[in-house]
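I opened the file to take notes on its chains and their contact. My entries follow the order in which I looked things up.

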Amino acid sequence: MGRRSRKPLPEINSGSMADIAFLLLIFFLVTTTMDQEYGLPRELPRKVEEKIPPPPVKERNVLLVYVNRNNELLVNNEYGDVKTLKERVKNFIPNRTNRSDWPEKDAPEEYGEDGFTFVFQKSKGIVALQNDRLTTYKTYIEVQDVLTQAFNELRNELAKAKYGKSYDELSELAAKGQTDDIQEEANTQMHAIQKAIPMAISEAEPIKSK
Amino acid sequence: MSKFRKKGGSGDAPGINTASLPDIVFMLLFFFMVATRMREVTLQVKVTKPGATQSVKIASEDRNKIISVYVGQPTKAQLYGTAPRMQLNDVIADVKDVGPFVLEEMNRLPEADRKKAFVSIKADEEVSTGIITDIKEALRDVDALKIQYGTRKTAVLY
């Protein structure tokens with residue numbers, strides 16, 4: 001026992017340590033990705049038996065957006081443009097001037113809970129998005145994006161008016177608020193806004209190309 | 001000039017000490033191990049996602065609830081042709097395979113996550129919408145109603 005400890009241990013040669021580390025590093029560089037995932041969330045309509053007729057929707061409540069195979073827009077049977085579509089939807093859905101050809105509104109109802117309530121008339125308006133089978137996906141997403149933007153801006157306005165914070169700020173708070181109470185509060189307010197202005201985009205089946 | 005030269009020193013430059021090199025490389029390695037995640041599939045179709053300003057970021061805890069369907073032009077044109085096809089996991093497939101695939105992936109998830117699972121349609125921006133519609137119909141058939149259009153986050157549209 002004594003004989004061994006008297007001699008100093010030879011040092012392990014660590015010259016190749018760098019090579020091993022580089023090898024691992026390169027392996028991880030190749031097999032992993034850093035890209036974030038983004039998307040536009042949507043809910044598809046449930047498939048129903050064809051015997052059941054769909055609930056009747058009044059014509060004034062629907063804004064029909066049709067994208068044809070040349071990626072041109074038809075909004076309620078008139079030529080439309082993606083650039084003006086957002087304003088069109090933002091005016092159409094809330095129908096602030098109570099036009100007779102724009103959507104009806106529900107009776108005033110109370111939204112929200114836990115002391116964060118407000119009274120609001122929910123719009124019955126729906127945006128129906130129809131596309132040709134040959135519409136480019138890029139254009140289709142562009143239109144979807146504009147519609148989402150319109151609804152998000154409406155939500156922002158309502159949230160600002162009722163809670164003093166925009167909808168985006170609320171969702172930020174709900175996810176990363178400093179305390180649980182703040183998160184809870186923002187969450188309640190967010191749900192109230194969501195209920196008052198649902199993302200009413202209907203993706204109908206495309207019209208068959210002839 | 002000669003006054004700068006060390007006395008008795010040979011002309012060779014001294015070797016750089018590389019003892020801390022492994023430390024530096026390990027640091028880089030740990031950074032990449034933490035900041036990145038494994039690639040799930042090797043793409044066999046060309047996918048350039050369309051840009052959208054309203055894109056929502058998928059939280060990292062929801063990553064495992066994504067069921068991805070890739071759509072685009074196959075990179076191996078001799079094998080699969082040039083028409084847009086879809087890729088499910090690592091195979092090129094048809095619309096009729098989407099339903100069974102999604103159900104199978106759903107079953108693989110833990111029960112608590114199944115309700116929150118969603119199908120992400122990651123399609124190339126150049127494909128026509130017809131194939132997307134077919135996928136959506138197939139998804140409605142199997143009652144997988146939560147979907148996402150995979151997009152890129154862009155700052156301004158116009």
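These notes cover confidence, chain B, the contact between chains, and a helix and a sheet of chain A.

**Conventions.** I number residues from 1 along each chain as its sequence is written, letter chains from A and number ligands from 1 in the order written. This is a predicted model, so I note the filter: local features need pLDDT of at least 70, side-chain atom pairs count only at pLDDT 80 or more, and totals for chains, interfaces and linings use all residues.

**Confidence.** I read ipTM 0.80 and pTM 0.81 for the model. Chain B averages a pLDDT of 86 (the predictor's confidence in each residue, from 0 to 100). In chain B, 92% of the residues score at least 70. I keep one caution: where pLDDT is low, the predicted coordinates should not be read in detail.

**Chain B overall.** I find five helices and nine strands in chain B. Helices (H or I, at least four residues) and strands (E, at least two) are DSSP runs numbered from the N terminus. The pattern along the sequence is α-β-β-β-β-β-α-β-β-α-α-β-α-β. I looked up its extent next: the C-alpha trace of chain B spans about 90 × 40 × 40 Å along its principal axes. The radius of gyration of chain B is 25 Å, whereas a compact globule of 158 residues would have one near 15 Å. That radius is taken over C-alpha atoms, and the globule rule is 2.2 Å times the number of residues to the power 0.38.

**Contact.** How many residues does each chain bring to the contact? I get 41 from chain A and 48 from chain B (C-beta atoms, placed from the backbone, within 7 Å). On the side of chain A, H2 (17-31), E1 (32-33), E2 (38-43) and H4 (137-163) each supply at least two residues. E1(A) also pairs across the chains: two bridges join it, antiparallel, to E1 (residues 37-38) of chain B. Pairing requires at least two DSSP bridges between two strands. I list A:Thr32 with its bridge partner B:Met38.

**Helix H4(A).** I checked its length. The 27 residues at 1.5 Å each should span 39 Å, and the end C-alpha atoms lie 37 Å apart, which agrees. The expected span uses 1.5 Å times one less than the number of residues. Just after H4(A), A:Gly164 has a positive phi of about 80°.

**Sheet in chain A.** I trace an open, mixed sheet of five strands, ordered E5-E4-E3-E8-E9. Its edges are E5 (78-80) and E9 (201-203), each paired on one side only. Three bridges join E4 (residues 73-75) to E5(A), antiparallel. A:Leu74 stands opposite A:Tyr79 there.

Methods:
Contact = placed C-beta atoms within 7 Å.
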